[in-house]
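Q: Please go through this model with me and say what lies behind each term you use.

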Amino acid sequence: MITLNVNGKAHQYDDDENMPILWALRDILKYTGTKYGCGKGLCGACTVHLNGQPIRSCATPVSAVGDQKITTIEGLSEKGDHPVQQAWQALNVPQCGYCQSGQIMSAVALLENNPKPDDEQIDMAMSGNICRCGTYERIRKAIHLASDLAIEVKGGK
Amino acid sequence: MKVIENVSRRKFLKQFGIGSGALVLAVNFPEISFMPKALASGAATKFEPSVYVHINSDNTVGIVVHRSEMGQGIRTSIPMIVADELEADWQQVQVIQGLGDKKYGSQNTDGSRSVRRFYQPLREAGATARTMLEQAAASQWQVPANECYAKENHIIHKPSGKKASFGSLVAIAATLPVPEAKTLVLKDKKDFKFIGKSNVALVDGHDIATGNTTYGFDVDLPDMEYVVIARPPVLASKLGRFDASKAKKIKGVVDVVALDNIEEPPLFKPLGGVAIIATNSWAAMQGREALEIEWINSGHEVYNSDTYKAALAASCDKADTVLRKKGNVDKALASAEKVLAAEYYVPELIHAPMEPPAATAHYHDGIFDIWACTQTPQSAQGTVAQLLKVEPEKVNINVTLLGGGFGRKSKPDFVVEAALMSKLRGKPVKVLWTREDEIKNGYYHAVSYQKLKAGISQNNEVTAWQHNVALPTIGATFSKGANVIGSEANLGLIDMPYDIANVQCAAGKAEAHTRIGWLRSVTNINQAFAVCSFADELANQAGADPKDHLIKLIGSDRQIDLAQENAKYGNYGEELSRYPIDTARLKAVVERVAKLAKWQEKRPKGKALGIAVHRSFVSYVACIAEVSEAASGKVKVDKVWFSVDCGTAVNPERIRSQMEGAAVFGLSLTFFGELTAKDGVIEQSNFHDYPMARITDTPETIVDIVESEHPPGGVGEPGVPPVAPAITNAIFALTGKRYRELPLVKQGIV
């Protein structure tokens, strides 16, 4: 039995410890906001945070996670108003939306490490996330906007 | 501009169906015309789905979206159209996803048709509701109806200023006769509040940003089992001996079942194979890994991409199905001063939507309840009914959000698999496709070879145009042995718009060895690549500016009638009188995009522009790409400009996003897209060997939308075809090298 810590909630888990955390989240714990795209850590659709750092949940077994802190898209904010979530909505970033949970989790991690990234830094940080619809340009713009929103919130402007 | 977000609808996302006590306007959609009829309020319980708008006594407005949302924004655009004509308050609008039912008219969400086909009927639906509410208020107030008007979910009596909410008028309105469509007064364009504006936030934007969405993969039913299937690696190979003993030992694996072999033609039938049933997705996948299976050859093992390419090239020379013939090409080529010839090759491609196919079915009491990310719920319903031998009425298809479609999810084979498995198990079952399944067992964009020849006179006039193609046909998916293209000819081959005296387009034979399907813009991808590249080659040959030469090639303002040239042209299912091939509009987007990109201005060293224009899905799109070359010799696309004439632009914000997406989709297939077959098996399996454009590859995209009074054209697909030739034309301008084969990654330049 493992206790998984997801979005600040403890979950008892007694399934296969080799199961990637993606499927444990989706099928066992029913956090379906995290998406499957490739199963090989190639597309970033499954990105969640482990202790605040972005990981590919499809390629990370439950045993490697243990009781460390997992954050999924559902746990990013209570009201869906994280600056990145706000920026995504303000610029109508999504098309189909399927990859956007992963995009948003990667973007949040980027901004936590680098509150004011330039285009090149954004491209580097986001290059592991594929969007087949091609929303990349808006993702870039939304990360800049989220950066501004976050700095405003902190009164840094 | 202020963006309006509909907050109230969040509560209703997962609601299917309508409340009672509502004024229901049911509208049947035989594609274009419709006849509304009011159902008595009691009739609402007698559920008879059709495209409709209803108004509830609590003043909310329900609008049904009968088309599938896959990123094109249709769940926003359809409600915008209805709400605008109705004068609804956007905050009161509830968006309801329509079940699969033929009473809606076509729900087949492909071919860039949703707004094109339903703009007028949806406006009429909104106007009908508004008119009846005005009449209801007039009757309540005992005033003439023409003194009443609708505004933001209320009816107002102009002289007195009296005001009543839509909701308060429901009871009276429901008793009134429905006005005839011809008596309706549609809003004047200047009074539009949503149509043509970019002021409405995406209906699903908040849910997507918070992970509160339900895609096909996300459906979860109590006591549900998870299924993955080991499908035949070669089309129609049959299941031989298999050993499931190791698979069955895996924790979570419940059972392993052999499925019936598929008989060709494949249609939308399940491919067969071995199904692994488990308590979770991971266990099912692990179970499949542990299977040992022998497959019995089907004959398609002869399919090898290298030899197949040579066969296609040879077939172009024997192209004997003439699809368009004007003048005498052979004679004109023989007497030409110069003949320019070029050959183009575009490999097999696959859709790769971020969400692979997935469907959940629950068979109970003789009924199939199904949830699926399908582009075509009626086809899913019909195919399940036919193959599992039930009445279509006993198959309920709930359409989830689609994590991308691009044509893959028009094929309901995966939905049938789920229905079959649920019936077999007597339980709710989710069938999920892995990325490997999606790439190895798809409905492919056909590999194609094309040979073009142009005759050129002494004064550089193009006097002859010969275009021969060879590619396996979509027809083979539906008719075994079909080996000549059919409707594919309509998509960028026979509709070549240049003004040339002698034209001949013909197709050679090609056997299909995989399921051939349709991918975003279909054969426009390869055919526009050839036509728009060859136009650039002709400009270069003439020593002319590519844009000026393109305008010259298109020639005078005219409406092209291909029937005069022995061609049967489909025109995307539209009347030519309503949607002509209009060369003036084609040239206009060329001129506009050239102005936007400052075509005439010299670029700094190491940068160059390329141009292409193409009409598809009755819309006109011109594209300019700016490329640069690094010291390493690698090429990058820095900027893409589009000018789009899609007739009436209903939702410019989503038109722009579709063009931005088309730039990336086009870039992916230009740079990276290639599937190859070895002994009948697709060799690629995932994003490492079937890569696509990432954010680091993405150009800045600038979109110009032509203000137009023409009826709406397609938007989802027409942006894609001109992108590849615009890029390779730009690379030619930059490097002097002409790339006639995709993808460019094989040439070592990206």
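A: Two residues are in contact if their C-beta atoms, placed from the backbone, lie within 7 Å. By that cut-off, 47 residues of chain A are in contact with 51 residues of chain B. The model is predicted, and its scores are ipTM 0.98 and pTM 0.95.

Q: Which helices make up the side of chain A that touches chain B?
A: Helices H1 (21-28), H3 (83-90), H4 (100-113), H5 (119-126) and H6 (136-153) of chain A each supply at least two residues of that side. The largest share comes from H6(A), with 4 residues.

Q: How do you know how many residues of this side of chain A are nonpolar, polar or charged?
A: Asp, Glu, Lys and Arg count as charged, while Gly is among the polar residues. Sorted in this way, the side of chain A that touches chain B has 21 nonpolar, 16 polar and 10 charged residues.

Q: What are the domains of chain A, and how far apart do their centres lie?
A: Chain A is divided into domain 1 (2-75) and domain 2 (83-153). Their C-alpha centres lie 21 Å apart. The contact between them takes 15 residues from domain 1 of chain A and 12 residues from domain 2 of chain A. On the domain 1 side, strands E3 (47-50) and E4 (53-56) of chain A are the elements that give two or more residues. E3(A) gives the most, with 3 residues. By class, that side has 6 nonpolar, 8 polar and 1 charged residues.

Q: Into which domains is chain B divided?
A: The domains of chain B are domain 1 (8-208), domain 2 (216-298 + 357-432) and domain 3 (305-349 + 443-747). Between domain 1 and domain 2 of chain B, 14 residues of the former are in contact with 19 residues of the latter. The domain 1 side of this contact divides into 3 nonpolar, 7 polar and 4 charged residues.

Q: Which residues of helix H14 of chain B are called buried, and why are they said to line one face?
A: A residue is buried if 20 or more other C-beta atoms lie within 10 Å of its own. In H14 (residues 546-554) of chain B, the residues that meet this are B:Pro546, B:Lys547, B:His549, B:Leu550, B:Leu553 and B:Ile554. Seen down the axis of H14(B), they fall within an arc of 160 degrees, so they line one face of the helix. What covers them includes strands E21 (462-470) and E25 (607-616), together with helices H13 (524-542), H15 (583-596) and H17 (723-735), of chain B. After H14(B) comes B:Gly555, whose phi is positive, near 80 degrees.

Q: What makes a set of residues a nonpolar core?
A: The set must be of buried residues of certain nonpolar kinds, joined through C-beta atoms within 7 Å. The largest such core has 277 residues, and B:Ile63, B:Val227, B:Ile370 and B:Cys623 have the most contacts inside it. H13(B) gives the most to this core, with 11 residues. Apart from it lies another core, of 6 residues, among them B:Leu235, B:Ala236, B:Leu271 and B:Trp295.

Q: Where in chain B does pLDDT stay under 50?
A: pLDDT is the predictor's confidence in each residue, from 0 to 100. It stays under 50 over residues 8-50 of chain B. For chain B the mean pLDDT is 93, and 93% of its residues reach 70 or more.

Definitions and conventions:
Residues numbered from 1 in each chain as written. Chains lettered and ligands numbered in written order. Predicted model: local features only at pLDDT ≥ 70, side-chain atom pairs only at ≥ 80, totals over all residues. Buried ≥ 20, exposed ≤ 12 C-beta atoms within 10 Å, placed from the backbone. Arc of directions from axis to C-beta. Domains from an automatic or database assignment.
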